[in-house]
Amino acid sequence: MKKRYLYLLLAPGLLFLTLFMIVPLILTVGSTLFKDGSFTFGIYLQFFKDSYFLDILGTTLLVSVATTLLCILIGFPVAYYLSMMPPRKKGILLALAIFPLLTSSVVRSFSWMIILGKNGLVNNVLIKLGIIHDPLSILYTPTAMIIGLVHLFLPLILITLVGVLESIDHDLVRAAQSLGASKLTAFRKIVIPLSIPGLIVGSILVFVGSLTAYTTPALLGGKKRVVATFLYQNAITLNDWQAASAIATIMMIITFIVIGLMNKAAAKFNPKG
Amino acid sequence: MKTKNPGLALFSFIVYLFLLGPLLIIAVTSFEPGTVLKFPPTGFSLKWYQNIFDVEMFMSTFKTSIIVSLLGNVIAILLGVPAAYALNRVTFRGKDTLNAVFLSPLLIPGIVLGFTLLKYVVITFHFPIYTSLLIGHTIIMLPFIIRVIGSSLANFDFAVEEAALSLGSSRLATFFKVVLPNIKSGIIASVLLAFLESFNNVDISLFMTGPGVSTLPIQMLTYVENYFDPTIAAISVLLMLITAVFMFVIERLLGLTYFTKQ
Amino acid sequence: MALLQLENVSVAYDQQYILKDFNLSIEKGHLISLLGPSGCGKTTTLRLIAGFLEATDGAFKFSGKDYTRVPINKRNFGFVFQSYALFPHLSVFDNVAFGLRQRKVKEDEIKKRVMNMLEIVNLGGFEKRFPQALSGGQKQRVAIARALVIEPDLLLFDEPLSNLDANLRVNMRVEIRRIQQELGITTVYVSHDQEECFSISDRVAVMNKGIIEQLDQPSVIFQYPKSEFVARFIGFNNFIHFDERDSEGSFFTLRKGNYHFHAAKADGMPVTMKGAIRPDDLIAGTLQEINPGDNVLTGKVKVSTYLGRSYQYVVDTPLGEFTVNQEMQQPYANGQEIRLLFPSDKLVLVE
């Protein structure tokens, strides 16, 4: 095919993205670097001296790391279990895992409000069982955020890992066993190393997703803010465009650093060299 | 290989309970007759379903959501299908970069996209909010179109296209007569996935609200912050039904393995 | 005057030449094969003729007209693909009818011609089936019918049989040759299988690295390969680099060290210092069976392999190792001294 047709086909989409995504992003980043016409990192220096912002950033990172680790720890065994299933059963179980993924995040976070609230399911059960007398305050804490985010992103890591685990030839495990490895050793030395690239891809999705999530922290986090809700507050409630732009820039930079580092790690730990 | 590991089976069962239990609880509480959400519900009533249709804001934002998702989808298809075709049909220098650009809305935080759209497209360049909402949704739908149709095209034997050309068909006619019919299921699936992504979107719509303009998820979010009655639960059930129908269609078209092969 | 001519054609991808100053002409009604290893440029040549890619330089003439810039869909060439490339969403009938519909042929005429063509390729009664429901051989027949029904000015085959199993391959190539001769249609056929090319072609072009090493009748190439590349490609894997050459009547006399050889002269055989012979053409014998003399080397059996009908030996001689195939009951032992006879009519000179 001739090159000019090629560019003609790509041009409309590229133009659209350039005008409405790339240019606004560049302008946003650029606007944070100039004050009264001169170049400055001042706003970032201010941010990183501000203990309120550092607290928010800390909470966000803590919640994201906890969510990612929990998703991996919970997701890996289940994904392994799923990958061993006969196709029909696996299909149904996968469908059940994908269903929440395609359901609105508002709906899913809302469900945890019903469960974790003062008069929610968890407190009711615990009080009925006599374990506690006064309801626990779980809702509107970082813990609630983590629970909500794990619920949000677990399906993502499940389907990523099932895909990777399915692609591992079962004969490899049998071969390891025939060479004298126990089932556990075969799992540890064959299955885990071969699934590391998938684990890293899944971790990127979960970590970046948690880092930038708005709905779940907004509904389950109460007064505890994360970077995304802080950005919204600055832009809409406080109308502080420069601060909001700086937060947006910080979010993008962290996202790209995380993706970059994880991809590096993926390349380094790639068992196939 | 089969593992008979009861511990693993039990663990998986608990995880599934964790994933699906909350959705089930919402469904059950939507039938609560009282004004406060309770689990278990104190009775059975459909009055909160009735309430959805009585609250004007739900109906109008639902309409906006549908229009924006559908129209955005059409634009995303018009922009995305030619691009996906070009990206899969030939190899050329810079192809990987362009591919990354088209998929980048997946990586850039939605909240950042929403904010920059508000700041520059709406405020600086004076685009109407409704138009900007549509633009934002088109941006986030594009990667789905590119990716799903791209994988359909990657499985398409382009020799078939060459065969049509050698038999005298023009390039454009070949695309509609030969290529399109064979990636039909990919297109439908990508449309459905993109629709769900757009319809459920919060991050962008959050910034694109104005007089008479808001989407259903944003309306739900506002409602939840102020009321705790079962209306939201009832809406949730309806949305889950839509999701279930969409999933069924996607499964028929691509098979569920599509989801694990990204 | 040739029907088809490629004149000094060059094709390059990313500054890398695949064909450079390439020339080829084909007579009307001939079936010509392009034969060579992968990457030799044979498929590029075919796709260039079809119009799937454009030459960076040079001209393509067809029937005396300049076809260089004629788009694919205006060339009226039939193309048969390696992957068959049947339209998966159309029935056999609609696949074959596709080209006729582009040409706005009337429906009743289409019906007649499609059905007639399906008869020719022995697929009568299959018109309602879809491609998925066909075997590989049947798919290939549909692909051939689809290419032929438009009465193309030129028929192009791109490794059409490589996805079929061995038996079917032999049947299909007989079919292809029969149809081609029946319709008298000029054909270019690309394959990496020499037996396939030799059995169906009027002319074979052996290609290597973007040039034609030899273009001749199959039997000529088989007996008298022009270059070492062609010789190796068609199974001559014994070579001798001679020190001296003389001409004596209908023979060349050749010398390497103290060993003397004769090679029969033949039309078109290059006059060089490099001799080549097939393992099948070498004759092995014990010291008693073959006497020392011209065209004879003595050596030791180094490796012996049982091939079923014959034995293959690698023999270490003063002029290097030679491979010989010999039908025999009792094989020679490893290390045994034997003699090799180079029949003078089988020893050829190559470039």
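Thr29(B) counts as buried because its relative accessibility is 0%, where buried means under 20% relative accessible area, exposed over 50% and partly exposed in between (1.4 Å probe, protein chains only). This is a predicted model, so local features need pLDDT of at least 70 and side-chain atom pairs count only at pLDDT 80 or more, while totals for chains, interfaces and linings use all residues; side-chain values use heavy atoms, with hydrogens and water left out. Residues are numbered from 1 along each chain as its sequence is written, and chains are lettered from A and ligands numbered from 1 in the order in which they are written.

Thr29(B) sits in helix α1 of chain B. Helices (H or I, at least four residues) and strands (E, at least two) are DSSP runs, numbered from the N terminus. Leaving out residues up to four places away in sequence, Thr29(B) touches Ile114(A), Leu37(B), Lys38(B), Phe39(B), Pro230(B) and Ala233(B); contact here means heavy atoms within 4.5 Å.

Now for the helix itself. α1 of chain B covers residues 6-29, 24 in total, and runs 33 Å from first C-alpha to last, close to the 34 Å expected at 1.5 Å a residue. That expected span is 1.5 Å times one less than the number of residues. There's a bend of about 40° at Leu20(B), with Pro22(B) following within four residues; the bend is the angle between axes fitted to the seven residues ending there and the seven starting there.

Besides Thr29(B), the buried residues of α1(B) include Leu8(B), Tyr16(B), Leu19(B) and Pro22(B). Their cover includes α3, α4, α5, α6 and α7 of chain A, along with α11 of chain B.

Two side-chain links in this helix region:

| Side chain | Backbone partner | Distance |
|---|---|---|
| Asn5(B), oxygen | nitrogen of Gly7(B) | 3.2 Å |
| Thr29(B) | oxygen of Ile26(B) | 2.9 Å |

The Asn5(B) link caps the N-terminal end of α1(B).

Over in chain C, an open sheet of 3 strands is ordered β11-β15-β21 with antiparallel pairing. β11 (238-241) and β21 (348-350) are at the edges with a single partner strand each, so one side of each has no neighbour in the sheet. β15 (residues 274-277) and β21(C) pair over 3 bridges, and strands pair if DSSP finds at least two bridges between them. Lys274(C) stands opposite Val350(C) in β21(C).

As for chain A, it has 12 helices and 2 strands, and its C-alpha trace spans about 75 × 70 × 35 Å along the principal axes. Of its 273 residues, 52% count as buried.

Conventions. A polar contact is a pair of N or O atoms within 3.5 Å; within protein, one must be able to donate a hydrogen and the other to accept it, and residues adjacent in sequence count only if both atoms are side-chain atoms.
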